[in-house]
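Trainee: I have a structure open and would like to practise justifying the words we use for it. Could we go through them together?

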Amino acid sequence: MKRARRVVAAALVLAVSWTLQQNGASAGTAGGSAPPAASQNPTEQAAPDDAVPMAVVFEDTFDGPAGSGVDGGKWQLEVGDNVNNHERQYYTPGNANAKLNGQGQLVIEARRENPGNYQCWYGRCEYTSARMNTAGRFTAQYGRVEARIKMSQGQGVWPAFWMLGNDIGDIGWPASGEIDVMENIGSEPGTVHGTIHGPGYSGAEGIGAAYTLPNGQRFADDFHTFAVDWSPDRITWSVDGNTYQTRTPADLGGDAWVFNKPFFLILNLAIGGYWPGDPDGSTQFPQQLTVDHVRVSTDTGSAGRTGPITGLGGKCVDVAGASSANGTPVQLYDCNGTGAQQWTFGSDGTVRALGKCLDITGDGVTDGSALQIWDCHGGPNQQWVVSAANDIVNPRADKCLDVRDNTSANGTRLQLWTCTGAANQKWNAPR
C-alpha cells in the first residue's frame with residue numbers, strides 16, 4: 001500500500017561495529033513506516049496465548065530498583081541524533097532518559113532540555129530521549145514478538161517498537177528488512193501502525209496498516225499489548241489479541257521478502273521528524289513511554305512432548321527400517337505406532353527418535369538436502385522450529401521439512417526445501 005511518507009534513514013551511532021547512519025538504516029522511530037491509506041479496526045481475534053505451547057526465548061520484565069538502568073546483557077543504548085529523519089532529540093547513554101521505575105517497568109522519558117550541550121543536525125539540541133536495541137545480545141527468527149506498553153502522546157511525539165535484520169551491517173537498509181511492530185505519532189492518540197520495509201518497498205512505500213481503538217480511546221490512557229506472530233513467509237499484527245493485518249510475499253508485487261532470517265529488537269521515543277512533525281505549543285514535556293514487558297516466544301514443536309509427526313496423505317515421518325544407525329534415511333511411511341515414528345521435541349530445538357536426532361545430511365543448507373538420523377550434537381543442522389503455519393523449519397538454512405517429489409508413497413525420502421506453503425511441507429506435530 002502506498003504511504004504518505006518519505007524514505008528515511010537512521011543516523012544513530014550504535015555501540016557495535018557499524019552505525020545505522022553508515023548503513024542507511026530506516027525504521028520505526030528511525031523509521032520507515034507511515035500512515036496507511038485507511039485506518040483499520042480489528043477483523044478477527046488472534047489465537048489465545050495458550051492455544052499453542054510456547055517457549056519464552058527472550059523476556060525483560062524490567063524488575064530492579066527505581067532509577068537503575070536497563071539490563072546491559074539484553075540491551076544497549078544508542079547515542080546521538082538523527083539527521084536523516086530530521087528528528088529533534090538527542091539520544092543519551094546510561095539511565096539519563098531510560099530507567100526502571102521500581103514497579104517492574106521501564107520508563108523512556110523525552111524532555112525539553114540539553115544539559116550536556118549536545119549538538120544536533122540543526123544546531124544545539126532541544127530535546128533528550130532514549131533508544132535501545134538488542135543487537136549483539138539477542139536476535140529473533142519467527143515466533144511471537146510482543147511488548148506491553150503505555151504510550152506517550154502529543155504533537156511531534158513518536159514512539160516505536162520495531163526490528164531490523166541482523167545483517168544490516170553487511171548489506172545495509174532496506175535490504176536488511178525492517179518490521180515495525182508498533183509505531184504511533186502523537187497527533188493520532190488512538191491509532192498505531194504496523195509496517196514492513198524491504199528492497200523496493202521502503203520508507204514511503206512501506207507496506208502495512210493501522211489499528212484504531214474504539215470509542216475514541218487513547219493509547220496513553222492504559223497499557224496495551226502490541227505483537228507480531230511471525231513464521232516463514234507470514235507476519236500477522238495484533239493489538240491486545242485483535243488481529244488487524246497479515247502480510248505474505250504475495251503483498252510485495254514481486255519484490256523480495258527479506259523476513260526469513262534473524263532480527264534484533266528496538267525500543268525508542270523520538271521527538272519530531274518528517275512524519276509526526278515537530279512539537280508545538282500544545283505538546284507537554286516530559287513525555288513518557290512506559291514498557292511493562294518485552295517478550296519473544298516460539299513454538300518449539302511442543303517441547304518435551306513425544307508422538308508421531310503426520311504429513312502428506314496422512315503418512316508419518318519414519319526412520320527407515322527402524323534402524324538407529326547414523327545416516328539412516330528419514331522417510332514418509334504408513335503410521336504404525338512403532339518407535340521409529342515416535343518423535344520427541346527437545347527444548348534445545350532438536351527432534352529425536354530412537355535415541356538419535358533429525359539431521360540434515362552433509363550439514364546441507366540447499367534445496368534437496370536429505371534428512372537422516374545422527375548422534376545428537378545440537379548443531380545448526382539439528383535445529384528445528386515448528387511455525388504457527390505448521391511448517392517444520394531449519395532456521396539456519398531458512399528451509400522447510402519437505403516430502404520429495406510431493407508424493408505420499410511409502411519410502412519417499414524427506415528433504416530440506418525452500419518453504420512454499422504447499423501440502424508436502426505441512427506437518428502435524430505432537431501437542
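Trainee: What pattern do the disulfides of the protein chain follow?

Mentor: This is a predicted model, and with bonded cysteines counted along the chain, its disulfides follow the pattern 1-2, 3-4, 5-6, 7-8. The structure holds 4 disulfides.

Trainee: What makes Cys120 and Cys125 a disulfide?

Mentor: The cut-off is a pair of cysteine sulfur atoms within 2.5 Å. The sulfur atoms of Cys120 and Cys125 are 1.9 Å apart, so the pair meets the definition. The link of Cys120 and Cys125 is right-handed, with 110° about the S-S bond. Both of these cysteines, Cys120 and Cys125, are buried.

Trainee: How do you know that a disulfide joins Cys316 to Cys335?

Mentor: By the same test: the S to S distance of Cys316 and Cys335 is 2.1 Å, and the limit is 2.5 Å. This pair links distant parts of the chain, 19 residues apart. Cys316 sits in strand β23 (residues 316-319), and Cys335 in the loop between β24 (330-333) and β25 (343-345).

Trainee: Why is the disulfide of Cys316 and Cys335 called right-handed?

Mentor: Because the torsion about its S-S bond is about 100°.

Trainee: Are Cys316 and Cys335 buried or partly exposed, and how do you know?

Mentor: Buried means under 20% relative accessible area, and partly exposed lies between that and 50%. Cys316 has 1% relative accessibility, so Cys316 counts as buried. Cys335 has 39%, so Cys335 counts as partly exposed.

Trainee: What does the disulfide of Cys357 and Cys376 tie together?

Mentor: Cys357 lies in strand β27 (residues 356-360) and Cys376 in the loop between β28 (371-374) and β29 (385-386), so the pair ties together parts that are 19 residues apart in sequence. Their sulfur atoms are 2.1 Å apart. The torsion about the S-S bond of Cys357 and Cys376 is about 105°, so this disulfide is right-handed. As for accessibility, Cys357 is buried because its relative accessible area is 0%, while Cys376, at 29%, counts as partly exposed.

Trainee: Let's move to Asp334. Where does Asp334 lie, and why is Asp334 called partly exposed?

Mentor: Asp334 lies in the loop between β24 and β25. Its relative accessible area is 36%, which falls between the 20% and 50% limits, so the label is partly exposed. Leaving aside neighbours within four places in sequence, Asp334 is in contact with Lys315, Gln341 and Asn410. Asp334 and Gly314 are 20 residues apart in sequence, with 7.8 Å from C-alpha to C-alpha.

Trainee: Now the sheet. What makes β22 and β28 edge strands?

Mentor: Here 5 strands form an open sheet in the order β22-β25-β26-β27-β28, with antiparallel pairing. β22 (306-307) and β28 each have a single partner strand, so one side of each is left without a neighbour in the sheet.

Trainee: How do you know that β22 and β25 pair?

Mentor: Pairing needs at least two bridges, and 2 bridges join β22 to β25, which run antiparallel. Thr306 stands opposite Thr344 in β25.

Trainee: Finally, how far does the confidence in this model go?

Mentor: The protein chain averages a pLDDT of 86, and 86% of the residues score at least 70. Over residues 1-52, however, pLDDT stays under 50, although the model has 200 contacts beyond four places in sequence for this stretch. Where pLDDT is low, the predicted coordinates should not be read in detail.

How values were computed. Residues are numbered from 1 along each chain as its sequence is written. This is a predicted model: local features need pLDDT of at least 70, side-chain atom pairs count only at pLDDT 80 or more; totals for chains, interfaces and linings use all residues. Side-chain values use heavy atoms; hydrogens and water are left out. Buried means under 20% relative accessible area, exposed over 50%, partly exposed in between (1.4 Å probe, protein chains only). Helices (H or I, at least four residues) and strands (E, at least two) are DSSP runs, numbered from the N terminus. pLDDT is the predictor's confidence in each residue, from 0 to 100. Contact means heavy atoms within 4.5 Å.
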